[in-house]
Amino acid sequence: MKHFLRVVTQFFVFLYCKCLWRGLKFVIRKVTGWCELQRICYNIKPGARRTLKIESSLRYSKNELCQSALSAHPDRVEKTIDNIMTLKKINADTNPQLGISLQASLFQIVGYRSLVAEVETLRREPYDFENPDHEEMLMKLWKTLRPDSSLTGRISKQWCEIGFQGNDPKTDFRGMGLLGLHNLLYFAEHDKATALQVLYDSLQPKHRYSFAIVGINITDLAYSLLLSGALKTHLYNVAPEMPSLSHFQQTFCE
């Protein structure tokens with residue numbers, strides 16, 4: 001019986017989405033003279049709520065041009081908006097703010113997609129001790145967190161002082177690749193006072209946790225939230241244009 005009710009419910013939801021909602025949108029447009037994108041931009045303030053509504057409208061549009069706008073190259077955003085306004089028969093001269101609003105939201109949408117790709121690239125790149133850039137980042141992390149203490153060697157138990165598990169940190173980056181190191185170094189350099197306080201707290205018997213390992217685990221959490229789209233609301237609110245890697249790293253720090 002429960003299965004039957006679930007199937008019936010899904011059928012009516014499908015019917016509503018495919019038929020009734022499209023019919024309702026048609027009626028609203030005829031009554032107001034505005035398409036859905038116009039109603040969103042004119043009735044909702046700039047920010048995540050507006051961008052998410054625009055993203056949903058484009059994704060579920062019947063028109064391929066609107067659907068493909070979500071994967072537009074950043075250099076093509078302005079042209080894409082012009083094409084959408086032409087398709088919707090919207091006069092750009094009498095609706096100048098609409099084009100600006102749509103462009104701002106589409107930059108956020110394609111920026112989020114680009115950010116996911118950039119973060120994924122960093123996550124997939126393994127730490128390479130033979131790469132001087134990788135080694136330089138690791139040494140910077142040590143010097144920033146332990147400015148008064150010199151390493152006795154590249155392989156050393158001293159790494160445990162900043163929360164790595166063994167003598168060689170490279171083994172701890174296997175799960176998150178270079179992304180984990182990038183985030184730890186960003187935290188240490190851009191919010192040094194807080195990073196040093198967190199490191200100090202991690203060494204106290206009352207708390208006792210591994211600073212670097214926890215940072216890598218939080219990187220994993222932030223990565224999962226980014227991939228699932230759960231960070232869209234936050235990033236669309238804090239990034240008025242395209243969300244960037246620094247926005248993601250700031251989220252990690254928070």
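1. A residue counts as exposed when its relative accessible area is over 50%. By that cut-off K89 is exposed, because its relative accessible area is 77%. The residue sits in the loop between α5 (77–87) and α6. Its phi is near 60 degrees, a positive value in a residue other than glycine. As background, most residues other than glycine have a negative phi.

2. R208 may be read alongside K89. This residue lies in the loop between α9 (192–202) and α10, and its phi, near 50 degrees, is again a positive value in a residue other than glycine. R208 counts as exposed because its relative accessibility is 55%.

3. The model under review is predicted, and its confidence should be considered before its details. The mean pLDDT of the protein is 90, and 88% of its residues reach 70 or more. Where is confidence lowest, and where is it highest? The lowest mean, 57, belongs to helix α1 (residues 2–32), while the highest, 98, belongs to α8. Over residues 27–31 the pLDDT stays under 50, and for this stretch the model has 6 contacts beyond four places in sequence.

4. The overall architecture is helical: the secondary structure comes to 12 helices and 0 strands. Of the 254 residues of the protein, 39% count as buried. Contacts between residues at least 6 apart in sequence were also examined, and 60% of them join residues at least 24 apart.

5. One helix pair is formed by α7 (residues 132–145) and α8 (residues 177–190). Their axes come within 10 Å and cross at roughly 35 degrees, and the crossing is left-handed. On the α7 side, the residues in contact are H134, M137, L138, K140, L141, T144 and L145; on the α8 side, they are L178, L181, H182, L184, L185, A188 and E189. Sorted by class, the residues of this contact comprise 9 nonpolar, 3 polar and 2 charged.

6. A second pair brings together α6 (residues 96–124) and α10 (residues 211–228). The axes of these helices also come within 10 Å, and they cross at roughly 145 degrees. The crossing of α6 and α10 is left-handed. Helix α6 contributes Y112, L115, V116, V119, E120 and R123 to the contact, and helix α10 contributes Y223, L225, L226 and L227. How many residues of each class make up the contact of α6 with α10? There are 8 nonpolar and 2 charged residues, and no polar ones.

7. The count of salt bridges comes to 7. One of them joins E55 and K232, with the closest N and O atoms 2.7 Å apart. E55 belongs to helix α3 (residues 48–59) and K232 to helix α11 (residues 232–238), so this pair ties together parts that are 177 residues apart in sequence. Are these two residues buried or exposed? Both E55 and K232 are buried.

8. Another salt bridge joins R154 and E135, and here the closest N and O atoms are 2.8 Å apart. R154 is in the loop between α7 and α8 and E135 is in helix α7, 19 residues apart, and the pair thus links distant parts of the chain. The partners fall into separate accessibility classes: R154 counts as partly exposed because its relative accessibility is 23%, whereas E135 counts as buried because its value is 17%. The cut-off that divides them is 20% relative accessible area, with buried residues under it.

9. The loop between α7 and α8 also holds the salt bridge of R146 with E161, whose closest N and O atoms are 2.8 Å apart. Both residues are placed in that loop, so the pair ties together parts that are 15 residues apart in sequence. R146 counts as partly exposed because its relative accessibility is 26%, and E161 counts as partly exposed because its value is 27%. Elsewhere, salt bridges that share partners join E55, R59 and K232 into one network.

10. Finally, Q249 deserves a short entry. This residue is in helix α12 (residues 245–253). Q249 is buried because its relative accessible area is 7%. Which residues does Q249 touch, not counting those up to four places away in sequence? They are H182, N183 and Y186. H182 also appears in the contact of α7 with α8.

Terms used. Residues numbered from 1 in each chain as written. Predicted model: local features only at pLDDT ≥ 70, side-chain atom pairs only at ≥ 80, totals over all residues. Heavy atoms only, no water. Axes fitted to C-alpha atoms, helices over the stretch in contact; angles between N-to-C directions. Helix = DSSP H or I, 4+ residues; strand = E, 2+ residues; numbered from the N terminus. Left-handed = near helix turned anticlockwise from the far one by under 90°. Contact = heavy atoms within 4.5 Å. Nonpolar A, V, L, I, M, F, W, Y, C, P; charged D, E, K, R; others polar. Salt bridge = Lys/Arg side-chain N within 4 Å of Asp/Glu carboxyl O. Buried < 20%, exposed > 50% of the residue type's maximum accessible area, 1.4 Å probe, protein only. pLDDT = per-residue confidence, 0-100.
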